[in-house]
Each structure stands twice: as C-alpha cells, then as structure tokens.
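Student: Could you take a close look at a single part for me, the place where the two chains meet?

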There are 2 protein chains.
Amino acid sequence: MRAPEPSALPDDVARALPTLLSPRPSTALLTDRYELTMLQAALASGVAHRHCVFEVFTRRLPPGRRYGVLAGTGRMLESLADFRFGAAELDWLAAQEVVDDRTLGYLADYRFTGDIWGYAEGETFFPGSPVLVVEGTFAESVVLETLVLSILNYDSAVASAASRMTSAAVDRPVMEMGSRRAHEHAAVAAARAAVIAGFVGTSNLEAGRRWGLPTIGTAAHAFTLLHDDEHAAFVAQIAAQGIGTTLLIDTFDVRRGVEAAIAVAGPTLGAVRLDSGDLLSLAQDVRRHLDELGATDTQIVVTSDLDEFAIAALAAAPVDSYGVGTALVTGSGAPTCGMVYKLVSREGADGTMQPVAKASVAKVGVGGRKSAARRLDPTGRAVEEVLVVGPDAAVVEWAEDVDSLRPLHVPLVVGGAVDTRWTGAAGVHLAVERHAASRAELPRGARRLSADDAAIPTVTLRLDT
Amino acid sequence: MRAPEPSALPDDVARALPTLLSPRPSTALLTDRYELTMLQAALASGVAHRHCVFEVFTRRLPPGRRYGVLAGTGRMLESLADFRFGAAELDWLAAQEVVDDRTLGYLADYRFTGDIWGYAEGETFFPGSPVLVVEGTFAESVVLETLVLSILNYDSAVASAASRMTSAAVDRPVMEMGSRRAHEHAAVAAARAAVIAGFVGTSNLEAGRRWGLPTIGTAAHAFTLLHDDEHAAFVAQIAAQGIGTTLLIDTFDVRRGVEAAIAVAGPTLGAVRLDSGDLLSLAQDVRRHLDELGATDTQIVVTSDLDEFAIAALAAAPVDSYGVGTALVTGSGAPTCGMVYKLVSREGADGTMQPVAKASVAKVGVGGRKSAARRLDPTGRAVEEVLVVGPDAAVVEWAEDVDSLRPLHVPLVVGGAVDTRWTGAAGVHLAVERHAASRAELPRGARRLSADDAAIPTVTLRLDT
C-alpha cells in the first residue's frame, strides 16, 4: 500500500495540518520582554545561575479592605507545565532579535527545577504576607515573574471581593454571572476564584468544564422578547427546562410577569428572577404576590448590578439567592492586588546567600527570605500575621516549633515537580475549604464591610544566626 | 512496509498524541450557560430560527468620562473562527446535561452565517452608540453574546483609559507595561488596546508575536540586586544590550545611580529610568545631573504607578517618555465598559421584522434597528452622535444620503464570512489610524481630563416608513 502523495491531500486539510499538529499553547510568551533581556545580560555576566529567592507579596490592601484572599495558585501551577519555549516561540524571539543565540539555547531547554512554597490557595493574607516564595537559579526564577503575578494578582483580586460578597449574603447562595464584563479568559479564572471564596456556581461553561464547577443559568430578556408574548416564552422555557427553572419576570411588568409565571408553571415553580429596579421593594411585592398565588416555595433570585454593599442592603428583603456580575469580575473597586515579585536573597560571589532589597526613595523592601505564620489566641482566633526574616534555614524551620502559631507556607513545587494536590478540581476543593476555615478564624468584625484597617497587624521578627 | 504497532510507540509519545492532534482551542465554551439553555427552549418552541437583530451599546460612560474608545473588534472576529463545538465540547455538554440531544446536534454543525456591522475599531463612542449590530437567526446570534461582550467590554475599557493617557502625554511616547497586573491573557489584549489608543509599544511578548506590536523592556531592580553592586549590573547590561539601553537608576540612591550609569556607559547612554519617588522633582534633579555629566541626549523614562493624571502632572517635568502599568490594564478606575447585547428587532409570527425592547421599571431599551452617524460642523468638528431608528432597510441606507453626517457602521462579517481587513496586524494598524482621526475630530475640550459630560450629545431620530 502506497502512502498518499502530498498533493493528494485536499487543500483545506493541508492548510490545517500545522494547526492540527501543534501542541497545547505555550504560556512562555505571556511574559514581559525585560525578563528575557535580563536573562541574556545575566548569562553574559556570569551571574545567571546564582541561587536566588524571590517573594510575592502586596505592600498594602486596597483602601478600607480588612483582608485579602489568595487565589490563582492552582492555575499558576497548571500554567507552569506549559511554560516551554517551543520552535514557534524561539523562532519569533530570534526573528525579533529579542535575545541572543546563547539565551535562545538556554530557553530551548528551559524547565523550572527549583522549589516553590506558598500560602495555601484560599488563605487570607495581609500587607507583606509572603504568599509565594520561589527558589532556584536567577535564570529559571526570573522568567516566571510576569506569569506568576498576572495570575495571582487577578485571581486574588476577584477572590478578595467575592469573599466580602459571600460574607454579606450570610447563608444565602451567591452565583457568579460576570463573564460578559471581563476578558473572555479572565472570566473563566474569575468563576474559579469566586467559587473558592464561597460562590455556589457560575454561568461560565468553560470554568465548569475545566475545574468541575457547578454551572447555572436559564434565560435572558432576549428569550422573552423573541416570543410573541411573555406567556409563550414562559411556556417554552418550562417545556424545555422543567418546573424547577427560574423565570425572568421583569421584561414588561413585574406584577403581570409573576401572574404569567404562576399561570404557566403552577405554584411549584422553582424561582423567579428580578434583574432591574428597586430590588428591596420589588422583592417584597413579588414575595407577597407569589404567596397570594399559593407559590410559597417559589424562590426569588436577584441579579441587577449587585456588589457586597447591595447584597448587605438586601439582608432584610425576602430574597433567596444573589447573582453577581460586574462587581465580582472587576474586584469590586480593586481590580488587581498590587502583588510584586521581588528578589530578597541571592548567592554572592563567595557562594553564601545574602539578603538584598531596593533601598532608595520609595518601595523600599525588606531583604532576606521570610517565613510566615498566623498567631492565634487560646480560642483559635487570629491575632497577628507574623513574618520572620533571617538566615534561610532557620526561617524555614522556625514556625513549626512555636505554639500558638499556624505556619502558612506549604510546598507547591519541589525540585521542579508540581504537587498536583493543588491543581485541577481537587485543588479548587481544597481552596474552598481553606478559605472557609481561614475566614472563620479572623477576629470578629473582620467581615464588616465598612472601611477599616487590616483585620490583624503584620509584625516582622528578625532571627539571628 | 508495515505500520508500527501501537505498542511500539514510546509511552510518552502515546500519551502526548491526543494533545498533539487537538486543534486550536475552541472558544465556544467561553459562554454563559443560559445562552445554550435559551437555544434549547427556542429550538423546542419553534422560534429559534426567527430572524433577529442584536445591538451592542453602553447606556452610559464611566462617571466623568467624555468619550469611550471601541476596541476588541479585530479580536472578536479572530475568535469567531474558533467558535466551534467539537467533540470535546459536545461530550462535556452532554455529560453535564446542559442541553438536550437536539441542541447538541444544532451545535455540532454551528457556524455563524449572518452579518455583523460595527463601528470601526478605534472609533470613539458615546452613550447609546450601537457599536456592533449582529443580524442572523436567534439561534446563531444569541450564542455569541458572552464572547462578544467579554472582548468588547474589556478591550474598550482599556482603550478608553489609554486614549486619555496618550492625550495627557501630548507628544511624548507612552509605553504599556501592565501585564503583571492583569489576567495573563487579558494582558495580551490590553497591550493591543493600548497601541490602538496611541501607545508606542508594549512589554508583552505574546502581544508582539500575535499582532506585530513593538515590544520594549530592559531590566528590573532584581537585575541590579543580583549583581555584587550597581556598577557591575550596569556593565553587564551595557555589554548585553548596548549603549542605547535604559538603565534603572533608583535601586540604591538616584544620584549615585546617575553617576554609575554615565561612568559605565559614557555620555551617549540611551536613557535612565525612574520607578519610584517624587518623579517631578527627581526628574529635574536627574536632568540637571545628566547635563552636568555631558549626557545631554540621555533620555529620562518614568514608570511608577502612572495614570493619566500623573502623566498630566509631569507635563512640565524634563521627562521623555512614560511607562504605564496598573492603571492601563484596569481601565484607570473603569475596568469594564458596561456594554450590553440586546435583541432590538425580530421576525414575528407573520414573517415581518418587529422592534422589541425591555419595558419594565429600569434598563428600558429602544426597540428597532439603529443606524449611526456623527454629525460634523462645517470645520469637520463632531457636534452630535445621531442614531436613527426605524424600518430596517431605511435605517441602513439613511446616513449615506445626508451631508454633514459621517456614517459609523462598517461591514465586519457578511454572510458568515469575516472581512479579514479588520483582523491581525493590519486590523490593528487601521484601528490606530481610526482612533487618531476620530479623537482629532472631537470638540476642543473633549480631551480635558476633568470630569464632565459626554463630549457630544447622542440624539435619536425616528424614521417613518
């Protein structure tokens, strides 16, 4: 049997072949150019393989916020596997003369072989908390800066806002519906971060597929408008989705919408949704009306531009669940965390590790590797974020030995091998649990929405050798 | 010649095969679940194939903003090609019982066959501007809502902020450096949106690769701290990047940094960068110092948490260019545009097109397909955003026939075929030109940063048959 000659391939198949044969997209160019130009200069000057410790932290919380929530760790570990410079990436870097041949050679074989520790995903954090510690050569560590920060800054901004929303909702479920107000891939990450902070589901299908998150959604105003009248739309939706669905009742007139919904579905309709207007008074009217019609178990879902404050304001309203969009995916006023990735310790010419930090005018750093623990009072309530700085080995061991301290660093990558417990759907489950436990441990009042200082102070201790 | 038996494949190759053979990632699940549940119900009720017109617009500009900038159109068209439900997507939807078999069958063959018009990418917009018009069956159009809005809302938020920054910088170049403060893929889109609004380059390598954008970047504080002293770091950087590079001089002491920079590079050094402190007074000191050392052509780049206001405040400082990060990628206080995707016209039971709109309590819409044009005064200055609503055919033709009106809709997709002029690097170039021309046409004062109303009013005319 002869192989088909290349010309025997249909044109469209031949054109599609390179695409069909390309592997998963590389994450390696999701990187600032200066990471690679620094690498080239360090390779040339002979310091690229100095052992280094980088730390990720934020200098302050957004104004008025009492705590932050770390999210993105699992996604970061998933992306690390795809941080590879393949032929496509190397060819482009060469053609653009971004770096020289020696650097291209280094990148072609790139694989992170170092160690990464971090706060467990879902953990609360405070100013200065070293939420991630990356240890390896300068070369292998510096090139991860952009990708690591992009992921942790966005996901943590969303989780930090989401945690305030689920706090404000107390026992009522909150659902994520913000995909349309965020970059299409940020939306997927936002859904994941929201669930970590206690949301019960998301409208985003890709997030459902990727991490097994529960997905939700029924119909929009367009569906009602598509039909000849509201009644016809409700009949169609009930036929397709069953009696447990949620009918959107505010397309024409809320009172008539309730009547049509119950006329079509009967009093065992799952829920009605309100997406506009004065939700507090509307919810009261709708509840009364539903009860009059015998639909006492039909729930009320509200979804109109909610944030944590609007949710809190509805605490006394007869509302059963909340859908949050814009405010969630934009971090409710704080769309990024301001986390930075700083070199804090590196091997010197004599081979010993030396603390380093920026020293001039502003953004002054604290040099040296840090360990972190949360100090708890005898009732298990958090009282302080304790950072310890000093000789690397001493710092790593320190928190294990002190009563009343809960150590915060867990191993994420060991010798280049990702600990897969933190990735995928299982990683999200762990993060959900960690967040719930960490938030419950904060001082009373930490969950108040009013602007105030960080819920616990950050103190830095210096260990001597 | 015998084909190798499956077992002859090395294990790692066998494991990699499914990945190697998978096509470009589908964008089809970057979608809210309710788009698909609405589709299922509409297929069942027989209205899924009614002809529909959806419009994308924003009800208001962010507080104080005078105009918005449309961006993302090219990216949206690029993503449309990958909006396909392959086996992986269909299997997941089936396993999760998101939709029924009939709907899965529809999605398996899905391909958008309708028409899309829109404002040209880079165009300025105002409240109500119909920046995109999607026409096709309900089924093929509704499922695009989430993807279209995600892209336009984020990219336009960034471009709208970016335009204020390049306005404030007047003739000085502005560079995009915000990747670390945005979701890793949002960062790529942000770089593109920034360039459309006049930025001269980006630090983001992937954005450079994808759309041919100029990339920039030299070194961070970590590079200086990695070396035994600042002098050694500067020697290494000059050796690798040449005398035209930019040296970061604020790691230890700015004055000593300037001295070290010129001592190492000589007076023809390209530039120095300041990333912290009081930039106005520091820039004056550094300029004086550089001039004293004979480095009169060495430029000063500043990059510390700048936004449009900080840029404007540095107008009198001896600064040569700006690097902007956080404020750019987060839309400088307005991280999303609030654009919505609304059904405005649809085929009725009698086969004629009928205007439709939500009518209750709030978020009330204007039904009917709209055409849009900018009315210009005799000097070519914009005076009004004119929307015309009425019978579809009349509206489409209308603006062409009126003097002093510049029609705003261009065809983007015709019968399902994307007009590729608007995609790729060429699309970005067109958008850069469109934005510059559109901004130049706005009334004097439209570029002031102080909070004010929209620069021109939006008026809606109603055409009768």
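Tutor: What follows describes the interface between the two chains and then a helix pair inside one of them. This is a predicted model, in which local features need pLDDT of at least 70 and side-chain atom pairs count only at pLDDT 80 or more, while totals for chains, interfaces and linings use all residues. Residues are numbered from 1 along each chain as its sequence is written, chains are lettered from A in the order in which they are written, and side-chain values use heavy atoms, with hydrogens and water left out.

At the interface, 102 residues of chain A are in contact with 101 residues of chain B, contact meaning heavy atoms within 4.5 Å. Together the chains bury about 8400 Å², of which 62% lies on carbon and sulfur atoms; buried area is the accessible area, taken with a 1.4 Å probe, that two parts lose on being put together, summed over both. On the chain B side, the most area is lost to chain A by R180(B), L205(B) and L226(B), which together account for 10% of what that side buries. R180(B) also forms a salt bridge with D32(A), the closest N and O atoms being 3.0 Å apart, and the count between the two chains is 10 salt bridges, each a side-chain nitrogen of Lys or Arg within 4 Å of a carboxyl oxygen of Asp or Glu.

Within chain A, the axes of helix α12 (residues 254–265) and helix α13 (residues 279–292) come within 10 Å and cross at roughly 35°, with axes being lines fitted to C-alpha atoms over the stretch in contact and angles running from 0 to 180 degrees between N-to-C directions; helices are DSSP runs of H or I, at least four residues, numbered from the N terminus.

Note on methods
Helices (H or I, at least four residues) and strands (E, at least two) are DSSP runs, numbered from the N terminus.
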